[in-house]
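Me: I've got a two-chain model here and I keep tripping over the labels. Can we go through what they rest on?

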Amino acid sequence: MQFLASLEHSAFGTWVREAPTIWAYPTVLFLHTVDLAFLVGINVAIDLRILGVASSMPLAPMKKLFPWMWAGFWVNAVSGVALLIADATTKLANPVFGVKMCFIMLGVINMAWYKKQLFSDPEALARNPVSSRAKRVAIVSLVLWIGATTAGRLMGYLGPVSGLE
Amino acid sequence: MGPTGLIPLGGVLQSAAAWVATTWLHHFATDYKWVWATVETLHFLGMGLLIGTVGVLDLRLIGVAKGLPIESTQKLVPWGVAGFVLNTLTGIVFLAGAPYQYLYNFAFQMKVLFMCAAGINVALFYRAGAWPKARTVGAGESAHWAAWLAGAISLFLWVGVMYWGRMLTFFRPPFVVPPK
């Protein structure tokens, strides 16, 4: 707790939280939101396609969307660490934060599965409809990303809340 | 920018806000703590759905994932429309719950402006000739410049809508008490 407090009161934590400039807290929060939309949104688009939506759309070229999801992930990892440092004593004491991290960890493992298993197998990609195994993975993916987004939002309402969003 | 934003305080806007505060939806949105939290969560999920689906079409128009025939990506758009409808409905709940916080908020006014611009962009894309050319663009081919432009503008405007949405709390009029 001592460590978290010193993290929160570090020059960087204080700057993110309190600097009276649009480039501190507001911008970090904005980046975290936009990249949530790209990371979660494109994952959802791929999940929907696997589940049979827009089935005339070939699945294989969607591989090119992965860099957009990974960019979203890394921007959110970095902006998330900044938001965490700025509010460390509250957020790390909030169990909802732990739930969110679990969802994200599993979501990223799921993305890696897509990339390593499904998207590296031209035969599986060409199947239309896609295999029922991939469909089960797509449902898990949807649950994980909806869960991560929901947990992220509820951190502002459940458990200890500092008022910082 | 002053607390009243683009539109001056008073007049029609003030009567509208005062009326909204008397509606049942206003009480529904403010009387239970779980309503705001739930509606906010749905608003974020709708955002992801809209950006993820419309975003794939927009990205294809500007040349990402060219292996996708353009017309096939358009099949995702109804899901984006569903996200938009969800966010319009949840947005109305926010507006009803805290009319003064939004109507007098510069960021909210900009957000509405960006959404209107996105609507005009979509209308022009489908009605002004870009779509008939774009829909026949197959795997590996580039979109016509007008379709490329519509995709780029759409991405810019939706990122802008998210920007102004996130800026709402930082432009909150000083006379408004936060809803939490």
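Reply: Sure, here is a run through the labels, one question at a time.

Me: What makes this a model to read with some care, and how confident is the predictor in the complex?
Reply: The model is predicted. For the complex, the predictor gives an ipTM of 0.95 and a pTM of 0.93. Chain B has a mean pLDDT of 91, and 92% of its residues reach 70 or more.

Me: How do you know which kinds of element chain A and chain B contain?
Reply: From the count of helices and strands. Chain A has eight helices and zero strands, and its elements run α-α-α-α-α-α-α-α from the N terminus. Chain B has nine helices, again with zero strands.

Me: What makes up the box and the buried share of each chain?
Reply: The C-alpha atoms of chain A fill roughly 55 × 30 × 20 Å along the principal axes, and 40% of its 165 residues count as buried. For chain B the box is roughly 55 × 35 × 25 Å, with 38% of 180 residues buried.

Me: Why is Gly98(A) called partly exposed?
Reply: Count its neighbours: Gly98(A) has 13 other C-beta atoms within 10 Å. Buried needs 20 or more, and exposed means 12 or fewer. The 13 of Gly98(A) falls in between, so partly exposed is the label. Gly98(A) sits in helix α6 of chain A. Its C-alpha atom is 9.1 Å from that of Ala151(A), 53 residues apart along the chain.

Me: How do you know what span to expect of α4(A)?
Reply: The expected span is 1.5 Å times one less than the number of residues. With 21 residues, α4(A) is expected to span 30 Å, and it reaches 30 Å from its first C-alpha to its last. So the span of α4(A) is close to the expected one.

Me: Which residues of α4(A) are buried, and what do they pack against?
Reply: Among them are Met69(A), Phe73(A), Asn76(A), Leu83(A) and Ala86(A). The buried residues of α4(A) pack against α1, α2, α3 and α6 of chain A.

Me: How do α3(A) and α4(A) cross, and which residues meet there?
Reply: The axes of α3(A) and α4(A) come within 8 Å and cross at roughly 145 degrees. The crossing is left-handed. On the α3(A) side, the residues that meet α4(A) include Leu31(A), His32(A), Asp35(A) and Phe38(A). On the α4(A) side they include Trp68(A), Met69(A), Gly72(A) and Phe73(A). By class, the residues of this contact are twelve nonpolar, six polar and one charged. Gly counts as polar, so Gly72(A) goes with the polar residues.

Me: What makes a residue of chain B part of the side that touches chain A?
Reply: A contact needs C-beta atoms within 7 Å. By that test, 28 residues of chain B are in contact with 30 residues of chain A. The elements giving two or more residues to this side of chain B are α3, α4 and α9 of chain B. The largest share, 13 residues, comes from α3(B). Sorted by class, this side of chain B has 17 nonpolar, eight polar and three charged residues.

Me: And how much of the contact in each chain joins residues 24 or more positions apart?
Reply: Taking contacts with a separation of 6 or more, residues 24 or more positions apart account for 85% in chain A and 80% in chain B.

Key:
Residues numbered from 1 in each chain as written. Chains lettered and ligands numbered in written order. Predicted model: local features only at pLDDT ≥ 70, side-chain atom pairs only at ≥ 80, totals over all residues. Contact = placed C-beta atoms within 7 Å. Helix = DSSP H or I, 4+ residues; strand = E, 2+ residues; numbered from the N terminus. Axes fitted to C-alpha atoms, helices over the stretch in contact; angles between N-to-C directions. Left-handed = near helix turned anticlockwise from the far one by under 90°. pLDDT = per-residue confidence, 0-100.
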